[in-house]
Amino acid sequence: MAAPRSSYSDLLKDPRWQKKRLEILERDSWSCGNCGDKDSTLHVHHGRYLRGLKPWEYDADILYTLCEMCHSKAGADNTTLDQWIARCDPSSLSRIIGYVAAIAADSYSEGFTIPCYDYNTAVGIAEATGLVGYFTERTSDVAAEEIIKASHDQEISLETIEAMKSDIVDRSYDDFLKARALSRKVDQLMEAV
Ligand SMILES: [Zn+2]
């Protein structure tokens, strides 16, 4: 006879989860990572449920300490997100991956690599990081091409995107100086006529 499957609430009583839970609460100084609340009941939230994993088998970096209210909001948001993702054409999923990965990168330490494996992921990254429309009326097409080009030389991270933004400003300033020099030259020529 097969052993009865443990229910999820049984798994949460497992000493391995209790140990992991305490480690996460300790790491987060026993306060809600979202609103900072230290007084209400704290939960250790799984950022995402992954098929086949026991609660304690998750990497610590997708476990979050949340207060009662933020925990129930995160649960509801996860459900809503799933419903919207289900309504997206599968061809737009890589754009969503780029977008979400760029947002996630903000929670990680410097140099976190954002996957950029096709044009649509690059569009998502460009949208999430504000490269679309940055400084000039940069279209998502142009921004995505810039990211893809940069990804040939290095892995894409938020720092890479910031460096690209400074380059854009520098180049625009150079263009401005050149245009100004040119217009002065034209003025001088006109005066000489
Ligand atoms: Zn909270």
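**View A. Gln154, out in a loop.** In this predicted model, Gln154 sits in the loop that links H6 to helix H7 (158–192). Is Gln154 buried or exposed? Gln154 has 11 C-beta neighbours inside 10 Å, and the cut-off for exposed is 12 or fewer, so Gln154 counts as exposed. Bring Ala105 into the frame as well: Gln154 and Ala105 are 49 residues apart in sequence, and their C-alpha atoms lie 16 Å apart in space.

**View B. Helix H5 and its surroundings.** H5 covers residues 119–128. Seven of its 10 residues are buried, so H5 is largely enclosed by the rest of the structure. Which residues of H5 are buried? They are Thr121, Ala122, Val123, Gly124, Ile125, Ala126 and Ala128. The packing partners of these buried H5 residues are H4 and H6. Just past the end of H5, look for Gly130, which has a positive phi of about 80°.

**View C. Where H4 meets H5.** Two packed helices are described by the angle between their axes and the distance between the axes. Here the axes of H4 and H5 come within 6 Å, crossing at roughly 40°. That angle falls outside the parallel, antiparallel and perpendicular ranges, so H4 and H5 are oblique to each other. The crossing of H4 past H5 is right-handed. On the H4 side, the contact residues are Ser94, Arg95, Ile96, Ile97, Gly98, Tyr99, Ala102 and Ile103. Facing them from H5 are Asn120, Thr121, Ala122, Val123, Gly124, Ile125, Glu127 and Ala128.

**View D. The largest nonpolar core.** In soluble globular proteins, nonpolar side chains tend to be buried together. The largest nonpolar core in this model has 15 residues, and the members touching the most others are Ile114, Cys116, Ala122, Ile125, Ala126, Ala144 and Ile147. Helices H4 (93–105), H5 (119–128) and H6 (140–153) each give two or more residues to this core. H5 supplies the largest share, with five residues. Zoom in on Ala122 for a sample of the contacts: leaving out residues up to four places away in sequence, Ala122 touches Gly98, Cys116, Ala144, Ile147 and Ile148. Another core, of eight residues, lies apart from this one, and includes Cys32, Leu42, Leu63 and Cys70.

**View E. The two domains.** Stepping back, the protein splits into domain 1 (8–86) and domain 2 (90–192). How many Å separate the C-alpha centres of domain 1 and domain 2? The two centres are 35 Å apart.

Methods
Residues numbered from 1 in each chain as written. Predicted model: local features only at pLDDT ≥ 70, side-chain atom pairs only at ≥ 80, totals over all residues. Domains from an automatic or database assignment. Core = buried A, V, L, I, M, F, W, Y, C linked by C-beta atoms within 7 Å. Buried ≥ 20, exposed ≤ 12 C-beta atoms within 10 Å, placed from the backbone. Helix = DSSP H or I, 4+ residues; strand = E, 2+ residues; numbered from the N terminus. Contact = placed C-beta atoms within 7 Å. Axes fitted to C-alpha atoms, helices over the stretch in contact; angles between N-to-C directions. Parallel < 35°, antiparallel > 145°, perpendicular 65-115°, else oblique. Left-handed = near helix turned anticlockwise from the far one by under 90°.
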